Amino acid sequence: MLALAVAALGAGCGKPPDDGLRERHGGPQRIVSLDFCADQYALRFADRERILAVSPDAGREFSYMRKRAAGLPTVRPVAEDVIVLQPDLVVRSYGGGPQAPAMFARAGIAVHTVGWAEDFPAVLRTIRDTAKALGAADDGLVVAAQTRHRREALAREHPLRRSALYMTPGGVTSGPGSLIHEMLTSAGLDNFQSRPGWRTLPLERLAFEQPDLIAAAFFESLTNHPNRWSPSRHPVAQAQLAERALVPIKGAWTACGAWFLMDAVEALARAAGAPNPGSAE
């Protein structure tokens, strides 16, 4: 199938590149995005007329830029479906699998892989690098600077030092060494989950010790499809949702390491500085 798609590309299948667009914008003019993380960058840093297709998830509720995706064609992250479109740049995070860059290289198509960010410096670097790849280097510098300034504005010491537990419907939380941990600490909060990496909710600990806040992610859409045996359904976890101060974290804020992560950080920072419900603070 890949060989047939490459042959179709060589035969001139699909709409030819628009030289007028290249003169007006520079950079890639026929962009295809393969997954919703890549979608966010393509939709933010490329004009609609330069986007051939986005992923089927671009308009989903966990896509921050979903409004800009309205009306754009979508494509499956399958080599033959993409190659016949004759893109001059494929943007991906995970779409198409680990062999995607090599497959598209064989067809002579440039690929930019959106970097995986585990901390805020990596987020800023990813913004700059991906915007540059999309032909919007100056805009990328502006967005990265705005993101950095938003975080720095929260860096002052908070008068109320509180702890927060990140919780998803699937019963997952995150400790040090993750972007979620960075999000919590950037908001002036201590991460209740002290063990590094992604883990199930610490139900035993929660039975005797509680955080001040719950950062509840994806609960508005149940994106990660919890089953009846999810730790988030346990009475101990349910008590946290009912009794602790709750900060709803939209799935679109944290589904991808990008500038919009600061929306979640700022929401948490506001909660960190607010009195506990019913307290005299």
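**Pocket, rings and a disulfide**

The largest pocket holds about 450 Å³ of space. The model is a predicted one.

Biologist: Happy to look at this with you! Which residues lie nearest the centre of the largest pocket?

Modeller: Of the 21 lining residues, those are Trp-116, Thr-254, Ala-255, Cys-256 and Gly-257. Helix H3 (36-45) and helix H9 (179-186) are the elements that give two or more residues to the lining. By class, the lining has 13 nonpolar, 7 polar and 1 charged residues.

Biologist: Cys-256 caught my eye. What makes Cys-37 and Cys-256 a disulfide?

Modeller: Their sulfur atoms are 1.9 Å apart, and the cut-off is within 2.5 Å, so the pair counts as a disulfide. The structure holds 1 disulfide. With 45° about the S-S bond, this link is right-handed. Cys-37 is in helix H3 and Cys-256 in the loop between H12 and H13, 219 residues apart, so the pair links distant parts of the chain.

Biologist: And are Cys-37 and Cys-256 buried or exposed?

Modeller: Buried means under 20% relative accessible area. Cys-37 has 9%, so Cys-37 is buried; Cys-256 has 5%, so Cys-256 is buried too.

Biologist: Now the rings. Why is the pair of Tyr-64 and Phe-260 called stacked?

Modeller: The centres lie 4.5 Å apart and the planes differ by 20°. Pairing needs centres within 6.5 Å and stacking needs planes under 30 degrees apart, so the pair is stacked. Tyr-64 is in the loop between strand E2 (51-53) and helix H4 (66-69), and Phe-260 in the loop between helix H12 (251-254) and helix H13 (261-272), 196 residues apart.

Biologist: Why is the pair of Trp-259 and Phe-260 called edge-to-face?

Modeller: Their centres are 5.0 Å apart and their planes stand at 75°. An angle over 60 counts as edge-to-face, so the name fits. Ring pairs also link Tyr-41, Phe-45, Tyr-64, Trp-259 and Phe-260 into a cluster, and the structure holds 8 aromatic pairs.

Biologist: How do you know which of Tyr-64, Trp-259 and Phe-260 count as buried?

Modeller: Here the 20% cut-off decides again. Phe-260 at 2% is buried, and Trp-259 at 9% is buried. Tyr-64 has 30%, which lies between 20% and 50%, so Tyr-64 is partly exposed.

Biologist: One last thing: what makes you say that the charged end of Arg-44 sits over the ring of Phe-45?

Modeller: The charged end is 5.0 Å from the ring centre, and the distance limit is within 6 Å; the position must also be within 35 degrees of the ring normal. Arg-205 likewise has its charged end over the ring of Phe-192, 3.7 Å from the centre.

Terms used:
Residues are numbered from 1 along each chain as its sequence is written. This is a predicted model: local features need pLDDT of at least 70, side-chain atom pairs count only at pLDDT 80 or more; totals for chains, interfaces and linings use all residues. Side-chain values use heavy atoms; hydrogens and water are left out. Rings of Phe, Tyr and Trp (its six-membered ring) pair if their centres lie within 6.5 Å; planes under 30 degrees apart count as stacked, over 60 as edge-to-face and the rest as tilted. Helices (H or I, at least four residues) and strands (E, at least two) are DSSP runs, numbered from the N terminus. Buried means under 20% relative accessible area, exposed over 50%, partly exposed in between (1.4 Å probe, protein chains only). On a 1 Å grid over the protein atoms alone, a cavity is a set of points where a 1.4 Å probe fits but cannot get out, and a pocket is an open set with protein on both sides within 12 Å along at least five of seven lines; lining residues have an atom within 4 Å of a point. Grid points are joined across faces, edges and corners, and a volume is the space filled by probe spheres set on the points. Ala, Val, Leu, Ile, Met, Phe, Trp, Tyr, Cys and Pro count as nonpolar, Asp, Glu, Lys and Arg as charged, and the others, Gly among them, as polar.
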